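Before reading on, take a moment to look over the sequence and the model side by side. The report below moves from the core to a strand, then to two loops and a pair of helices.

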Amino acid sequence: MKIPVIDLHADTYAHVVMNEKCDLKKYFHDQCTDFESFRAITNSSMKKGRMILSVQSLFIDDRYCHCALHQGLAVLSRIRSEIDRSKMLFLCTEASNLADAPKDKTGIMIAIEGLEVIENDPDLLSVFHALGVRMVAPTWNRPVAYVGSCLHGYGLTIKGRALLKKMEQLDMIMDISHMSEPGSLEIMEKYRGKVLASHCNARAVKESSRNLSDSQLSALHERGGLCGLNYGQCFLNEKIGPSDEYPTGFHMLYEMIEHIASRYSIDMLAFGSDHDGCTTGPGLENPEFYPDFADFLKEKGVSRLDIEKIYFRNFQGFWQK
Ligand SMILES: [Zn+2]
């Protein structure tokens, strides 16, 4: 069953840029000499999965923290030039871009993951916004001046409050992925714009500091936020083994869907693959699995409307509000 798909988080271009500059072997197989052949997200896999929107991260790894602004702009420039070169891709900066797009096109939304790229100056967000950025996860796993990461438990700082104001002015989407629990709870209380978690799962199903606690999920639910499910094997329940003809990853992902839908609401679910940024559960390696996964969900008794909500409707509604 081919249903349009929105994916709230992937690291494709961030890794393309980093791997062109340096050692391919660090991220991929020893024998890899061609990054393109190891990309999960390509024009062809997006077409097969019927992706209508891929949110791509401006992420930099530790080696580039000394020149974060430069590296952030390098990734941004690469995303923009890929879009310009491709007949299939378009830059998505507003909900209406998505609604008006022809069926065979895929939108790319640009999102910051880790505010190192603005080098302690929230005003620079205006520049990134002008260049097409619409979503910001203030933290990756490193300490930043604004709010603690899930590995550094501090909350919102004074500088963080200035950041919230700036993001509100620019009407940017706040992404609490990778954020500390106290920081994210405070932000969900204070931030007046839209809030979601682009690539996180439920900690009640899989213990991990990167997954959301019950309090975080419940605050997100109250705020009308979304939880984009992460396909990373280490963020899913690895105890699930093969049980039928469907890949194990389908069952792992379904366990998260069932937990969040039954405890909170199906209306807060979305996908946040983390493709090209993690090792996924079996069967979830690239967007080509989406049509089979829709069949699997149908067999599990999930209605067509609910499948559509997870696949694209929830985010469309969230962005249009
Ligand atoms: Zn991430």
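A nonpolar core is a set of buried Ala, Val, Leu, Ile, Met, Phe, Trp, Tyr and Cys residues that are joined through C-beta atoms within 7 Å. The model shown here is predicted, and the largest nonpolar core in it has 94 residues. Of these members, Ile6, Leu58, Ala111, Ile112, Cys227 and Ala270 touch the most others in the core, while the element that gives the most to this core is helix H11 (residues 304-320), with six residues.

**A strand and its partner**

Ile6, one of the core residues just named, stands opposite Leu53 in strand E2. Strand E1 covers residues 5-10, and six of its six residues are buried, so that the strand is mostly covered. E1 is joined by four bridges to strand E2 (residues 51-58), and the two strands run parallel.

Ala111, also among the core residues that touch the most other members, has a wide set of neighbours when residues up to four places away in sequence are not counted, including Val55, Ser57, Leu58, Val133, Met135, Asp175 and Ser198.

**Two residues with positive phi**

Two residues other than glycine have a positive phi, and the table sets them side by side.

| Residue | Phi | Loop | Other C-beta atoms within 10 Å |
|---|---|---|---|
| Asn120 | near 65° | between strand E4 (106-113) and helix H5 (125-130) | 12 |
| Asp276 | near 65° | between strand E9 (269-271) and helix H10 (290-299) | 22 |

Which of the words "buried" or "exposed" fits Asn120, and which fits Asp276? A residue counts as buried if 20 or more other C-beta atoms lie within 10 Å of its own, and as exposed if 12 or fewer do. Asn120 has 12 such atoms and is therefore exposed, whereas Asp276 has 22 and is therefore buried.

**Two helices side by side**

Helix H7 (residues 181-190) packs with helix H8 (residues 214-222) at an angle of about 15°, and their axes are 10 Å apart. How are H7 and H8 placed relative to each other, parallel or perpendicular? Because angles under 35 degrees count as roughly parallel, H7 and H8 are roughly parallel to each other. The crossing in which H7 passes H8 is left-handed. At the place where these helices meet, H7 contributes Glu181, Ser184, Leu185 and Met188, and H8 contributes Ser215, Gln216, Ala219 and Leu220.

Notes
Residues are numbered from 1 along each chain as its sequence is written. This is a predicted model: local features need pLDDT of at least 70, side-chain atom pairs count only at pLDDT 80 or more; totals for chains, interfaces and linings use all residues. Two strands pair if DSSP finds at least two bridges between them. Two residues are in contact if their C-beta atoms, placed from the backbone, lie within 7 Å. Axes are lines fitted to C-alpha atoms, for helices over the stretch in contact, and angles run from 0 to 180 degrees between N-to-C directions. Angles under 35 degrees count as roughly parallel, over 145 as roughly antiparallel, 65 to 115 as roughly perpendicular and the rest as oblique. A crossing is left-handed if the near helix is turned anticlockwise from the far one by less than a right angle, and right-handed if clockwise.
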